[in-house]
Amino acid sequence: MKRATFRLAGVLAASSLALAACGSDDGESDEAGSSEASGDGVTIGIKFDQPGLGLKSGEDYSGMDVDTAIAVAEELGYSEDQITWKESPSAQRETLLETGQVDMIFATYSITDERKEKVQFAGPYFVAGQDLLVSADSDIASLDDLDGKLLCSVTGSTSAQNVKDEIPGVQLQEYGTYSECVSQLANGTIDALTTDDTILAGYAAQDQYSGQLKVVGAPFSEEMYGVGLPKDSEQCVEINEIVAGFWEDGTMETIIEDNLGAADYTANPDLNPPADMGGHCG
Amino acid sequence: MSAQQVLFDAPGPKAVARYRILAAAGIALLIGILGFIGFRMYQKGQLTAEKWSPFIDPNTWTNYYIPGFLDTIQAAAIAIVMSMIFGLMLAMGRMSDIKPVKWIFTAWVEFFRAVPVLIMMIFTFYYLSNSDWSPDNWNPFIGVIAGLVLYNSAVIGEIIRNGVQSLPNGQREAGLAVGLSPSKTRRLILVPQALTSMLPTLVSQVIVVLKDTALGYIILYPELLTRARQLGSAEANVLPAYIVAAVLFIVINYGLSRLAEYVENRQRAKNEGAAKKPNVNTAVPTEGGGATGQVPGTVG
Amino acid sequence: MLELIEQFNVLNAFWVTIKLAFFSAILALILGTIMAIFRLSPVGVLQRFGAAYVTIFRNTPLTLIILLCSLGLWGQLGFEPASRDSDTFIVDLNFRLAIIGLAVYHAAFVCEAIRSGVNTIPLGQAEASRSLGLGFLQGLREIILPQAFRGAITPLGNVLIALIKNTTVAVAIGVTEAAYALRNMMEFRPDVFLLNFLVIAIGFVILTLPTGLFISWASQKWVVRR
């Protein structure tokens with residue numbers, strides 16, 4: 001019986017792993033049946049829960065990253081209904097590319113040297129900066145005004161650490177995600193929220209918060225958003241040219257205005273159009 | 001009948017009047033609290049139609065709550081099955097006649113009953129994230145399962161062992177008398193009996209596991225709570241999304257606890273009909289450091 | 001190992017854990033006893049209120065309760081048990097909100113433990129107290145509850161142990177207790193991952209094992225012999 005018990009354990013362990021496999025699949029990819037997409041369509045990784053950047057609501061996808069992805073895919077010869085969207089949470093982006101589950105990623109994907117060891121980046125298609133989100137009637141205009149104020153961010157955020165280093169008097173509230181922070185900011189419980197200005201503008205532009213929140217507009221870092229591609233992709237250079245074209249013909253400005261305009265957000269002219277486009281392939 | 005029903009006399013007219021006043025005061029207090037909460041939520045704009053209308057949109061359910069619920073159930077189901085298997089092995093090991101084996105298993109069980117589930121989840125999750133042996137998108141799932149199984153297998157092992165210990169001594173003696181070895185006696189006679197009588201405890205343990213999957217929120221496993229948060233982010237209604245998630249959890253767990261009661265009553269009726277057999281549920285382990293399964297113990 | 005403990009303030013983190021457990025245990029005991037009295041009382045409304053309390057809080061995940069303490073109690077209801085002028089406002093506030101969440105949750109289990117303690121008392125005790133002319137509250141105070149607490153030492157102790165371990169959930173609103181320390185350690189020192197885990201895990205063993213031993217000793221010593 002002991003042997004039988006162990007064998008049973010083995011079988012169950014194996015089957016539970018199999019269950020896990022299909023489970024985590026249908027958890028993340030509602031319609032991404034074909035994981036090794038190519039040929040007729042293209043699979044693009046985006047955020048599903050980032051208002052203004054990549055948001056899934058019902059069967060609709062919206063946001064700056066989504067619109068940029070659609071425009072790039074179109075230039076590459078894919079119509080919108082040939083695109084399969086796949087959720088790409090921050091921690092999983094490299095894996096999704098390396099294992100070929102997605103062909104490219106547009107998901108507030110900052111270009112870093114560490115990530116370049118695993119994947120390649122086209123672009124940057126946009127340069128964002130860490131900034132502050134405050135309520136519309138707040139008198140916080142820069143980092144210096146934060147002394148003694150309550151700042152919200154997510155656990156382990158580099159942005160919050162940057163602020164804390166600069167202004168030691170600031171008090172930091174940490175939550176698991178930004179949405180809790182935004183909720184607390186909207187009801188006046190905390191004074192400011194910090195992360196990339198695009199993300200902040202995305203929240204401020206939500207209908208439910210219209211007129212209540214504003215992005216301060218004093219960025220204190222540079223975040224280069226690139227198009228994540230697998231190492232073996234040959235589209236990197238092509239995408240660079242497409243994105244550069246978008247900046248020349250005004251497509252990027254339109255996309256930003258469409259998605260983040262409600263928050264009066266415009267691209268930081270000192271950093272955009274991105275300067276060192278194309279240095280991150282291969 | 002227990003002491004609970006005889007704590008007070010049947011009320012006379014004066015007592016009835018007093019009880020009425022107390023009841024009215026209680027209701028007034030409750031209405032006051034709820035009214036205050038409602039008023040503050042109204043003031044802060046939480047009771048507007050746009051915060052609550054997403055819940056009548058079927059997409060809210062198909063995109064957030066149902067996938068979240070399925071992921072919660074999936075993690076809980078896998079964890080409970082694996083915990084039972086490992087729990088059985090741990091109980092066997094701890095009852096072994098070989099001293100060193102017994103010591104090792106005892107130490108293992110006591111250790112993992114003493115360490116919080118969340119600590120084991122965080123450890124597994126970050127360890128996997130820093131190693132290459134699993135795909136990254138599996139890490140939250142494996143982290144949740146590992147935490148739940150390490151803890152609950154130890155708890156279930158103890159439930160089984162206590163069940164065995166509370167069996168009448170005659171069962172073991174009878175086994176030995178017909179020539180079975182001590183370990184065979186345990187496997188063939190004692191443990192099967194302990195298993196049937198621990199069924200209600202196991203159902204309560206399922207509630208514990210189900211609640212503990214919500215700890216997966218902290219390591220980003222996409223269970224019910226995480227999905228509620230995503231909904232709150234998309235629709236800008238974080239608080240209503242969490243409140244609905246809380247109601248879902250309460251309904252599910254309340255249903256399960258009723259099921260546990262039902263199983264327990266049925267079993268007790270059966271036991272009383274057959275022979276006098278000690279009910280495992282009354283056996284509360286007193287030694288060692290951990291909490292027992294059925295007691296609040298295992299909370300999360 | 002010592003260097004690790006120093007670098008991540010592990011001792012401080014465990015001190016926060018102990019304080020969390022201590023204060024929320026006291027609060028939970030008081031609240032749970034009140035709920036138990038409600039459930040035992042002759043007033044139907046209070047009985048149902050006690051029962052509803054237990055059902056609601058026992059079946060909600062603690063993570064959710066603690067989050068709602070921060071987002072709801074503080075964010076919506078404006079309940080702010082700390083001074084805004086203080087330099088450690090957020091730290092104090094989260095610590096106290098976490099205590100409230102832990103206490104509210106575990107009070108439901110305390111209530112059930114006390115009820116199980118009441119069930120260990122023979123009927124004759126309650127009948128004797130009534131025949132002496134003691135009212136409900138008098139009987140409860142003089143006869144029933146003292147015996148109930150002594151009979152409920154083991155289940156109450158199990159709640160306490162669970163509570164000590166559950167303080168880790170306070171990490172959800174950023175309280176810098178043991179789980180918070182472990183997360184930092186795993187993030188910044190992944191090279192010594194096993195040591196990280198062992199340091200924190202053994203800390204909890206040190207907290208819970210003696211508690212468990214004390215409880216079984218206490219339940220032997222104070223058991224009501226009949």
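Strand S5 of chain A, residues 83–87, is mostly covered, with four of its five residues buried. The model is predicted. This briefing starts from that strand, then moves to the domains of chain A, the contacts between chains, and the largest nonpolar core.

**Strand S5 of chain A**
- S5(A) pairs with strand S1 of chain A, residues 42–46.
- The two strands run parallel, and five bridges join them.
- A:Gly45 has its bridge partner in S5(A), namely A:Lys86.

**Domains of chain A**
- The domain assignment splits chain A into domain 1 (34–127 + 224–263) and domain 2 (130–215).
- Taken over C-alpha atoms, the centres of domain 1 of chain A and domain 2 of chain A are 26 Å apart.
- Nine residues of domain 1 of chain A contact 11 residues of domain 2 of chain A.
- On the domain 1 side of this contact, six residues are nonpolar and three are polar; no charged residues take part.

**Chain A against chain C**
- Chain A puts 14 residues into this contact, and chain C puts in 10.
- On the chain A side, strand S10 (171–175) and helix H6 (178–186) each supply at least two residues.
- S10(A) gives the largest share of that side, five residues.
- By class, the chain A side has nine polar, three nonpolar and two charged residues.

**Chain C against chain B**
- Here 66 residues of chain C meet 60 residues of chain B.
- Several helices of chain C give two or more residues to the side that touches chain B, including H3 (44–59), H4 (62–74), H5 (89–119) and H9 (178–188).
- H10(C) gives the most to that side, with 12 residues.
- The chain C side divides into 40 nonpolar, 20 polar and six charged residues.

**The largest nonpolar core**
- This core holds 244 residues.
- A:Leu133, B:Ile119, B:Ile122 and B:Tyr242 touch the most other members.
- H5(C) provides the largest share of the core, 19 residues.
- Domain 1 and domain 2 of chain A each contribute at least three residues to the core.
- Leaving out residues up to four places away in sequence, B:Ile122 touches B:Ile219 in its own chain.
- Across in chain C, B:Ile122 touches C:Ala179, C:Leu182, C:Arg183 and C:Met186, on that same count.

Technical notes. Residues are numbered from 1 along each chain as its sequence is written. Chains are lettered from A and ligands numbered from 1 in the order in which they are written. This is a predicted model: local features need pLDDT of at least 70, side-chain atom pairs count only at pLDDT 80 or more; totals for chains, interfaces and linings use all residues. Domain bounds come from an automatic or database domain assignment. Two residues are in contact if their C-beta atoms, placed from the backbone, lie within 7 Å. Ala, Val, Leu, Ile, Met, Phe, Trp, Tyr, Cys and Pro count as nonpolar, Asp, Glu, Lys and Arg as charged, and the others, Gly among them, as polar. A residue is buried if 20 or more other C-beta atoms lie within 10 Å of its own, exposed if 12 or fewer, and partly exposed in between; C-beta atoms are placed from the backbone. Two strands pair if DSSP finds at least two bridges between them. A nonpolar core is a set of buried Ala, Val, Leu, Ile, Met, Phe, Trp, Tyr and Cys residues joined through C-beta atoms within 7 Å.
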